[in-house]
Amino acid sequence: MTGLLARLLGRAGAGGAPLTVVPGIRWFSDRGAYAAYVEPTRPERRAREAEIGGRRVTTGFCTFCAAPRTFVVSAGAMVGTNINLREGLICRRCRLRNRLRLLFKAIEDWSGGAAALRARKVYLAERVTSFYVRMAERVGDLTASEYLDPAFRSGSVHRRRGRRVRHEDLCRLSFPDESFDLVVHGDVLEHLADDGAALAEMRRVTRRGGAMLFSVPFLHDRVEHEVRATLADDGRIVHHLPAVHHGNPVSGEGSLAFRAYGWALLDDLRRAGFDRAEVGALTELDLGFASSNSDYADYMEPMVVRALRAPA
């Protein structure tokens, strides 16, 4: 048992007094400061991740459950020959995987705690997932949607998996201006051909003083995005790299990834009208926050992104 986990469980030992607060996410607006945080611990973390990747389960402290839990190491996703720990490390109690537990921590931290989050008006760009179920437990005013069919009108409701599901196109949202305190999406943006239009729309529906919190594939050693595919004027998809499809909860065919992001993402967010944009990281394996466990050097640490609108 490592020092952090022992202290979270109230066993101070030589490391000091028991922790009463889980370590916070560190936020960065530039690549150099981010690297200064993640690089010194990388060799030790990579070694531990390789060891964890060889297990069926591991133990840690789940920040959603606020309790020690067992994490299932693999969700079946791979990065080359390695288990993708970003998609794994699933808590056996809440069923949230690594990247979603980190995203939820960013949500709760920004909101100011559990009671404050319950009072927030939140839009979540997913509806038929375990993350929606957990968000609905913690948010009193939650609107959620999926992208169901290009023929559907944003705001229309359709039957999916025995439930009524709202359809929204993130490039053409049906909500009035400044509808939400918080906009949330997880690994969605990379699947949109026109992500700039989506960012502008999501900024439009975010209230002054509000935020957008999300995850994306992020290449932290790069400035420019890795463009995998683009949409031609005639609607054809032009592939610049081999096609990569990620899982889609409403389609067995998966969703094409148009890009992975570099630090230029923060410029994209400011261009869309957000006043502040930052990358957050929390490299604590005892909390089940691991990298993707890839041999690809800059892909990817446990991270989230936040974009903020200034108060009125």
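This is a short dialogue on reading the features of a predicted model.

Q: What are the ground rules for this model, and how are residues numbered?
A: The model is predicted: local features need pLDDT of at least 70, side-chain atom pairs count only at pLDDT 80 or more, and totals for chains, interfaces and linings use all residues. Residues are numbered from 1 along each chain as its sequence is written, and side-chain values use heavy atoms, with hydrogens and water left out.

Q: How many helices and strands does the chain have?
A: Helices (H or I, at least four residues) and strands (E, at least two) are DSSP runs, numbered from the N terminus. Here the chain has eight helices and 20 strands.

Q: Why is the chain called as compact as a globular protein of its length?
A: Compare the radius of gyration, taken over C-alpha atoms, with the globule rule: 2.2 Å times the number of residues to the power 0.38. The rule gives 20 Å for 312 residues and the chain has 19 Å, which is close, so the chain is as compact as a globular protein of that length. Its C-alpha atoms fill a box of roughly 60 × 45 × 40 Å along the principal axes.

Q: What share of the residues is buried?
A: Buried means under 20% relative accessible area, exposed over 50%, and partly exposed in between (1.4 Å probe, protein chains only). Buried residues make up 52% of the 312 residues.

Q: Which residues touch the most other members of the largest nonpolar core?
A: In soluble globular proteins, nonpolar side chains tend to be buried together. A nonpolar core is a set of buried Ala, Val, Leu, Ile, Met, Phe, Trp, Tyr and Cys residues joined through side-chain atoms within 4.5 Å. The largest one has 82 residues; Ile107, Phe131, Leu170, Leu189, Met202, Met212 and Leu269 touch the most other members. Helix 4 (residues 98–111) gives the largest share, seven residues.

Q: Where does helix 8 pack?
A: Contact means heavy atoms within 4.5 Å. In helix 8 (residues 264–271), Ala264, Leu265, Leu266, Asp268 and Leu269 are buried. The buried residues of helix 8 pack against strand 1 (26–28), helix 7 (195–204), strand 12 (206–215), strand 19 (276–281) and strand 20 (303–308). Beyond four places in sequence, Leu269 contacts Leu199, Met212, Phe214, Phe274, Ala277, Val305 and Ala307. After helix 8 comes Gly273, with a positive phi near 115 degrees.

Q: Which residues other than glycine have a positive phi?
A: Most residues other than glycine have a negative phi. Two cases with positive values are Ala66, near 55 degrees, and Leu89, about 50 degrees. Ala66 sits in the loop between strand 2 (57–62) and strand 3 (67–72). Leu89 sits in the loop between strand 5 (82–83) and strand 6 (90–91).

Q: Are these two residues buried or exposed?
A: Ala66 has 55% relative accessibility, so Ala66 counts as exposed. Leu89 has 2%, so Leu89 counts as buried.

Q: What does glycine 280 touch?
A: Gly280 lies in strand 19. Its relative accessibility is 0%, so Gly280 counts as buried. Not counting residues up to four places away in sequence, Gly280 touches Ile25, Arg26, Trp27, Pro302, Met303 and Val304. The C-alpha atoms of Gly280 and His240, 40 residues apart along the chain, are separated by 29 Å.
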